[in-house]
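Please open the model in your viewer and keep the selection panel at hand, since the tour below moves from one selection to the next.

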Amino acid sequence: MQNILPKEFYEKHDTLTLSKLLLGCTLVHESPEGRTAGIIVETEGYLQGDPACHAYRKKSTRNAPMFERPGTCYVYLIYGMHYCVNISSGAKDIGEAVLIRALEPTEGIELMQKRRKTNDLKNLCSGPAKLVQAMGITLDFNFLTLDSEEFHCLASTNNDFSIVTTTRIGITQGADLPYRFYIEGNKFVSRK
DNA sequence: CATAAGATCACC
DNA sequence: GTGATCTTATGA
């Protein structure tokens with residue numbers, strides 16, 4: 001068995017630090033259909049006082065998982081048809097999270113290809129809604145904590161990369177904030 | 001009632 | 001490569 005990141009990992013760091021530390025870690029989902037896994041290569045942080053953050057105004061039915069203990073899963077529907085997955089961060093009762101934007105597929109490629117209905121490796125997990133589909137993540141994952149056998153992150157085994165920091169993608173509010181991070185040169189990042 | 005942390009397809 | 005279009009829960 002490999003090194004499942006414990007809840008202390010998520011509690012120990014602030015949101016932006018965690019966003020960077022998650023790069024290189026492997027997200028794993030053991031589903032009934034099979035195991036899928038991928039290296040996190042792109043993340044974005046969403047903070048308190050940040051107008052782009054879903055928890056900017058107040059706690060609600062949708063964003064409630066963001067206020068849970070760090071390491072709690074937050075999944076939401078966007079554009080009426082896509083789902084994206086976040087990991088709650090910041091202290092409990094603080095509405096912050098890290099959006100997982102892209103993975104480099106490592107295990108369960110065939111299953112991902114079936115779920116995504118494409119064989120193109122670079123089109124499997126190179127976007128927040130793509131990886132959710134490829135990994136078989138659903139709304140039911142809300143409030144799950146990322147420390148179970150079925151759903152977790154594995155510690156990074158490689159720190160031999162540089163992190164690029166940019167502004168976030170697809171937002172209008174807070175568009176100038178440098179809260180997006182990705183592994184330099186990685187081919188599976190959603191876009192430049 | 002307008003919008004949204006996106007992906008896809010048609011057509012340059 | 002670029003722009004139009006899909007679709008609906010959520011929150012103002």
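Begin by selecting Asn186, which is buried because its relative accessible area is 17%, under the 20% cut-off for that class. The model is a predicted one. Asn186 sits in the segment that comes after β8 (180-183). Keep Asn186 selected and show its surroundings: leaving aside residues up to four places away in sequence, Asn186 touches Val41 and Glu104. Its side chain also reaches the backbone nitrogen of Phe188, at 2.7 Å. Add Asp140 to the selection and take the C-alpha to C-alpha distance from Asn186, which is 30 Å for a separation of 46 residues in sequence.

Next, select DNA strand B together with the 23 residues around it, of which His54, Tyr76, Asn86, Arg101 and Ala129 come nearest. Of the atoms of DNA strand B that come within 4 Å of the protein, 54% belong to sugar and phosphate. Colouring this surface by class will show 13 nonpolar, seven polar and three charged residues, and colouring by secondary structure will show that β3 (73-78), β4 (82-88), β5 (97-107) and α4 (128-135) each supply at least two residues to it.

Which individual atom pairs with DNA strand B are worth displaying here? For His54, show the N or O atom of the side chain that lies 2.9 Å from a phosphate oxygen of DNA strand B. For Tyr76, the partner is a base nitrogen of DNA strand B, 3.0 Å from a polar side-chain atom. Finish at Ile169, where a backbone N or O atom is 3.5 Å from a phosphate oxygen of DNA strand B.

Methods: Residues numbered from 1 in each chain as written. Chains lettered and ligands numbered in written order. Predicted model: local features only at pLDDT ≥ 70, side-chain atom pairs only at ≥ 80, totals over all residues. Heavy atoms only, no water. Helix = DSSP H or I, 4+ residues; strand = E, 2+ residues; numbered from the N terminus. Buried < 20%, exposed > 50% of the residue type's maximum accessible area, 1.4 Å probe, protein only. Contact = heavy atoms within 4.5 Å. Polar contact = N/O pair within 3.5 Å; in protein donor to acceptor, adjacent residues only side chain to side chain. Near = heavy atom within 4 Å. Nonpolar A, V, L, I, M, F, W, Y, C, P; charged D, E, K, R; others polar.
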